[in-house]
Amino acid sequence: MDPISIIESKTVVLPSTDIDTDQIIPARFLTTTTKEGLGKNAFADWRYDAQGNAKSEFILNQPAAKGCAILVAGRNFGCGSSREHAPWSLLDFGFRAVISSEIADIFRNNSLKNGLLPIVLDEATHGWLLANPGVQLRIDLTTNTLTLPDGKAVQFPIEAFARYCLLNGVDELGFLLKQNNAITTFENSHA
Amino acid sequence: MTAKTLFEKVWEQHEVVPETADTPAVLYIDLHLVHEVTSPQAFSLLKEQGLKVRRLDRTLATMDHSTPTDPEEIAGRVPIRVASAAAQIKQLEVNCKEFGVELLGLQSSDRGIVHIIGPELGATQPGKTIVCGDSHTATHGAFGALAFGIGTTEVGQVLATQCLLQRRPKTFAINTTGSLPPGVTAKDLILAIIGKIGVSGGTGYVLEYRGSAIEALSMDGRMTVCNMSIEAGARAGMIAPDATTYEYLRQTPRVPTGNAWDRALAKWQQLRTDPGARFDREVTIDANSLEPMITYGTHPGMVLPLSARVPEKPGDAVFKKALDYMGLQPGESLLGKEIQVVFIGSCTNARLSDLESAAQVFKGRKVAPNVRVLVVPGSQRIKREAEARGLAKIFTDAGAEWRESGCSMCIGMNGDLVAKGQYSVSTSNRNFEGRQGQGARTLLASPATAAAAAVRGRITDPREFLQG
């Protein structure tokens, strides 16, 4: 995983609350055995009509969404299933951060492990971002701050170890493998 | 000694390394359940890094999500219809063989939905930590296990190290008082709980379901309740083990026997929340006041008692979008609404007692014209038992389809789909847009409510059938 420190981008906004992982990537696209190429299926049922043509009225199909790395979504984003295909598809689409006032536990974990930054903001800031799509934001993981267009910086929480891994491009599995002695000791005492 | 909750006891028994400000806990996993959809990329990672599965004795694989339920496909008389699913099934077979993982495969008489076979084999036991690349892993919490869904990266971590990095969640007591009235089931109880705390009410928490209405439930009912913890946002939901739990487990093939059983039992009996232990949050639900429940929207929190009307929320665009998707109006009653599909199955409601409950309604009756009914047992064991007890014949005599076990129309990955615009009364766990097929309109309910809708062709209070 590549290290992440600064993300600068305009936002794209999906204001719906409770956007579940079946919307992020419908289950029929999960019969894959790789992680690659899932971006084309992100929000498939919102993006395409029954014939598979892109719906021009949907925000992710509009020119304004092109190149946007920051998705702002309504409260409780990513609820539902544990499919890691959800962050894989968002990353492949081009997103690097997701902002909401509440993000579901499993989706948040999966995102952190893949370099998609899940940012939970206070309701006032979140509400402002929902109401002002397309604004330019700067996310700085070295200081845990998100800078709004007026220069105001807002702090966001992030779990310390996940942050360390993201900043340094470190893989959690490597850390766990180094715990081998402790794990063996545990196994021997709990046989 | 500090009074502890059930969750805290299980958590602390599995800390290989406790958490610090800088690092999460290294949590030991006792049982890792693996299926075809969320494991291929994890096995690939192990291959890339030259790693082995650390504990084959703690790893159990099956196929359920994209697996066919059509007996012709299972028997190999016709090819598996969804070619990508066939490839995924094959990949699991190859991976399990290469790594030496026990696989209850397509032809195994023990195959079934991963959250149904764990308990029925007795692999699921009180006090264990159990994970699976599936959010409904919470089901196993019905036995007093700490069980939660993980992503594929974590599947790889557990395969390689038998551990996960975890921050300790908060605790949330769901207290119940009273008892469920006749015709009101575990499914109605959990739908009412989700309606009360909301679809994100449990985010960050492990739930513990407690009190008289929970204690009165069978293991099947307790599994239905814990199964839907994730629909309230909670990764895990637990119920303290008791005599009902031990009686269930004693009949299962993989529990300890003889003296080892006695030792296990003595440990399990400690797994109760101590008097005076504090939860971070608590709510109380009065079971006496509950009715059969049904969802009307596009998440499980949009739920009402059958006798109630769809709420009115003027100016709420998200609410309007959900009702538009469902083809429903504010103020409308769901009773009497025509439906086209009934699905009885899934890790929520495909156990033997669920099938018995549906069969009570179907017995001597016919499925209404123009309604398609799919009954999909949760496992091959349940399938055989339902056939031996005559339940399968009741379903097929009524005009329902009787299938091989699998996730089927709950997730629609194997071709078992609801068509666009159709109303489906489903005993599954999610009514998300498109969950059962593009444009499908899912109404979640109990097996009895689903069966009542099947025979009338309309949404019906199942208690009408209990009284007759």
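**Entry 1: a helix in chain B**

I call a residue buried if 20 or more other C-beta atoms lie within 10 Å of its own, exposed if 12 or fewer do, and partly exposed in between, with C-beta atoms placed from the backbone. My helices (H or I, at least four residues) and strands (E, at least two) are DSSP runs, numbered from the N terminus. The model is predicted: local features need pLDDT of at least 70, side-chain atom pairs count only at pLDDT 80 or more, and totals for chains, interfaces and linings use all residues. Residues are numbered from 1 along each chain as its sequence is written, and chains are lettered from A and ligands numbered from 1 in the order in which they are written.

I looked up helix α16 (residues 447-456) of chain B and found it mostly covered, with 9 of its 10 residues buried. Among the buried ones I noted B:Pro447, B:Thr449 and B:Val455. After α16(B) comes B:Gly457, which has a positive phi near 75°.

**Entry 2: B:Val342**

Next I went to B:Val342, which I found in strand β15 (residues 341-344) of chain B. Is B:Val342 buried or exposed? It is buried, because 31 other C-beta atoms lie within 10 Å.

I then listed its contacts (C-beta atoms, placed from the backbone, within 7 Å). Leaving out residues up to four places away in sequence, B:Val342 touches B:Val371, B:Val373, B:Val425, B:Ala450, B:Ala453 and B:Ala454. Those last three alanines are among the buried residues of α16(B) from my first entry. I also checked B:Thr427: it is 85 residues from B:Val342 along the chain, yet their C-alpha atoms are separated by 8.4 Å.

**Entry 3: B:Thr245**

B:Thr245 sits in helix α10 (residues 243-250) of chain B. I count B:Thr245 as buried, since it has 20 other C-beta atoms within 10 Å. Which residues is B:Thr245 in contact with, leaving aside neighbours within four places in sequence? I got B:Pro126, B:Phe143, B:Gly144 and B:Met219. B:Cys163 is 82 residues away from B:Thr245 along the chain, and 27 Å separates their C-alpha atoms.

**Entry 4: domains of chain B**

I split chain B into domain 1 (6-166), domain 2 (170-239 + 266-289) and domain 3 (294-467); the bounds come from an automatic or database domain assignment. The C-alpha centres of domain 1 and domain 2 of chain B are 24 Å apart. Between these two, 19 residues of domain 1 are in contact with 21 residues of domain 2. On the domain 1 side, α1 (6-12), α5 (114-121) and β7 (146-149) of chain B each supply at least two residues.

I sorted that domain 1 side into 10 nonpolar, 8 polar and 1 charged. My classes: Ala, Val, Leu, Ile, Met, Phe, Trp, Tyr, Cys and Pro are nonpolar, Asp, Glu, Lys and Arg are charged, and the others, Gly among them, are polar.

**Entry 5: where chain A meets chain B**

I found 43 residues of chain A in contact with 53 residues of chain B. The chain A side gets at least two residues from each of α1 (21-24), α4 (105-112), α6 (160-168), α7 (172-177) and α8 (180-189). This side of chain A divides into 14 nonpolar, 16 polar and 13 charged residues.

**Entry 6: chain A and its sheet**

I counted 8 helices and 7 strands in chain A. Buried residues make up 45% of its 191 residues. The C-alpha atoms of chain A fill a box of roughly 60 × 45 × 25 Å along the principal axes.

The 7 strands form an open, mixed sheet in the order β4-β3-β2-β1-β5-β6-β7; strands pair if DSSP finds at least two bridges between them. β4 (117-120) and β7 (153-155) of chain A stand at the edges with a single partner strand each, so one side of each has no neighbour in the sheet.

I followed β5(A) along the sheet. It runs antiparallel to β1(A), joined by 5 bridges, and A:Lys10 has A:Gln136 as its bridge partner in β5(A). On the β6 side, β5 (residues 136-140) and β6 (residues 145-147) of chain A pair antiparallel over 3 bridges, with A:Asp140 opposite A:Thr145. Their hairpin has 4 residues between the strands, and A:Asn144 takes a positive phi near 55° there.

Which side chains of β5(A) are buried? A:Leu137 and A:Ile139 are, pointing to one face, while A:Gln136, A:Arg138 and A:Asp140 point to the other and are not.
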